[in-house]
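Visitor: I'd like a close look at a single part, please: the aromatic rings and whatever sits around them. Start wherever you think the view is best.

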Amino acid sequence: MRAGPLAAVALVAAALGGGAALGIGKGAGWLDQGTKTVVVNAQESKPAALPASAKSKVPALSGTGFDAERIFAERSPGVVTIFAYSGEPSAQDTQISQGSGFVTSASGYILTNSHVITNAGDGQDVHAAAHLFVEFADGDRVEAKVVGWDLYDDVGLIRVRPGDHRLSPVPLGESAAVVVGEPVAAIGSPLGNENSLAVGVVSAIHRSIDAITVDRYKVVDAIQTDASITHGNSGGPLFDARGRVIGINAQIRSTTGTGNDSGIGFAIPIDAAKHSVGQLVAKGKVSYAYVGISTENMTPTIARALGYKVDHGALIVGVNDGSPARKAGLEGGTREVNVLGIQGLAAGGDVIVAIDGRPVRSADDVVRIVSFSLKPNDVSVFTIVRDGRRKKVAVTLDERQLPSG
């Protein structure tokens, strides 16, 4: 929902460590055989309600210090390795992919990334793996079934039968409360090495990173960490000091395009995952509201340079044909300008300053509000600035659809 210049780095989804590396996609020219990718979208800064059957009743660890040894001892039994088979396990041509996940409830629900349990990123229609097996910390394996997945937020939900293995659920925290500098611990199966611990700190919050497989969308509020994660960590938990999951490890940022020089990792915020899980448990799929616009940040210096009379907001640079925004009369950019080193910025469009009375100060705010506060078929009031005047526009929202092709 936001356009922007490409970063001079390669983004690699950190998953499937055992035998398949994850690449950004075929368009980048270095997609390895069997690779997958996907990440996307955003979260609102408030916790989502989870069904009781999908929620852990395990309390947070006591104390205020960070004890990596204790976190690992208490939480590693709830972290699993996931093996996804493209065909029959006995067939010679079956591809096997490996990622991580974590148990969220005694009912057998396990959270992971969508690209761990599906073929997302291979350029074909997305479908679940033919067979899934979950390996626990003690080495025992059981079969798992797919509940559903959310490609936009790269969230996957699977389930095992509670009677097949003793379950050790881990508690979910609130990513909205995460702050830069706090210590974190990642547990997963990097490069096929099951039950591995990595520690670090939260390097940044509210990161906006490109949607790798679902074009035109971003993950906002991603958590950046320097905890070492690599292929195989995808779907694994990022814990805070009290042993609560604050994110699902999903991407690493690499300068080589291979993901081997890991060091900057990104996690899907757990509040976004809760939003996905609630719908997956209820109906097996996730739906998002759709407006049909591309936006850029409006800042005081850009406003002065372009002659706008509003310092902050989301500048509409494009409006999709046939979209709710087009039908409502929202206007995008009419001319390209080069300003403050930004090349080809589409100027002349409306500036969104509020949605249903909620302030909009950036392009990411539009993603947060539309994705997590609004639903398809809602009628939402967009407050815009056009030609120096404020105007309210009613927009009847549609349901977001995956791009075709």
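**Around the rings**

Guide: In helix H6, 10 of the 10 residues are buried, so H6 is largely enclosed by the rest of the structure. Here buried means under 20% relative accessible area, exposed means over 50%, and partly exposed is what lies in between, using a 1.4 Å probe and protein chains only. Helices (H or I, at least four residues) and strands (E, at least two) are DSSP runs numbered from the N terminus.

Keep in mind that this is a predicted model: local features need pLDDT of at least 70, side-chain atom pairs count only at pLDDT 80 or more, and totals for chains, interfaces and linings use all residues. Residues are numbered from 1 along each chain as its sequence is written, and side-chain values use heavy atoms, with hydrogens and water left out.

H6 runs over residues 363–372, and its buried members include Val366, Val367, Ile369 and Val370 along with charged-type names such as Asp364, Asp365 and Arg368. The residue to follow is Phe372, buried at a relative accessible area of 12%.

Now for the rings themselves. Searching the whole structure turns up 3 aromatic pairs. Rings of Phe, Tyr and Trp (its six-membered ring) pair if their centres lie within 6.5 Å, with planes under 30 degrees apart called stacked, over 60 edge-to-face, and the rest tilted. Among the pairs is Tyr152 with Tyr288, edge-to-face at 5.6 Å centre to centre and 75° between the planes. The two partners come from distant parts of the chain, 136 residues apart: Tyr152 sits in the loop between strand E6 (141–150) and strand E7 (155–159), while Tyr288 sits in the loop between helix H3 (270–283) and strand E14 (289–290). Tyr152 counts as buried because its relative accessibility is 6%, and Tyr288 counts as buried because its own value is 1%.

Tyr288 has another partner too: its ring centre is 6.0 Å from that of Phe372 and the planes meet at 85°, so this pair is edge-to-face. With Tyr288 in the H3–E14 loop and Phe372 in H6, the pair ties together parts 84 residues apart in sequence. Put it all together and Tyr152, Tyr288 and Phe372 make one aromatic cluster.

There's a charge to look at as well. A charge sits over a ring if NZ of Lys or CZ of Arg is within 6 Å of the ring centre and within 35 degrees of the ring normal. Arg400 does this to Tyr152, lying over the face of the ring at 4.4 Å from its centre. Another example is Arg141 over the face of Phe83, at 3.9 Å from the ring centre.

Step back from Tyr288 along the chain and you reach H3. This helix has 14 residues and spans 20 Å from its first C-alpha to its last, close to the expected 20 Å at 1.5 Å a residue (the expected span is 1.5 Å times one less than the number of residues). H3 is mostly covered, with 11 of its 14 residues buried; Ile270, Val277, Gly278 and Leu280 are among them. After the helix comes Gly284, with a positive phi near 80°.

H3 also has a visitor from far up the chain. Pro51, in the loop between strand E1 (10–13) and helix H1 (68–75), touches Gly278 and Val281, leaving out residues up to four places away in sequence; a contact means heavy atoms within 4.5 Å. The C-alpha atoms of Pro51 and Val281 are separated by 7.5 Å, although their positions lie 230 residues apart along the chain. Pro51 is partly exposed because its relative accessible area is 24%.

For the wider frame, the protein has 6 helices and 23 strands, and buried residues make up 55% of its 405 residues. On confidence, the average pLDDT (the predictor's confidence in each residue, from 0 to 100) is 85, and 83% of the residues score at least 70. Residues 1–45 are the stretch to treat separately, with pLDDT under 50 throughout.
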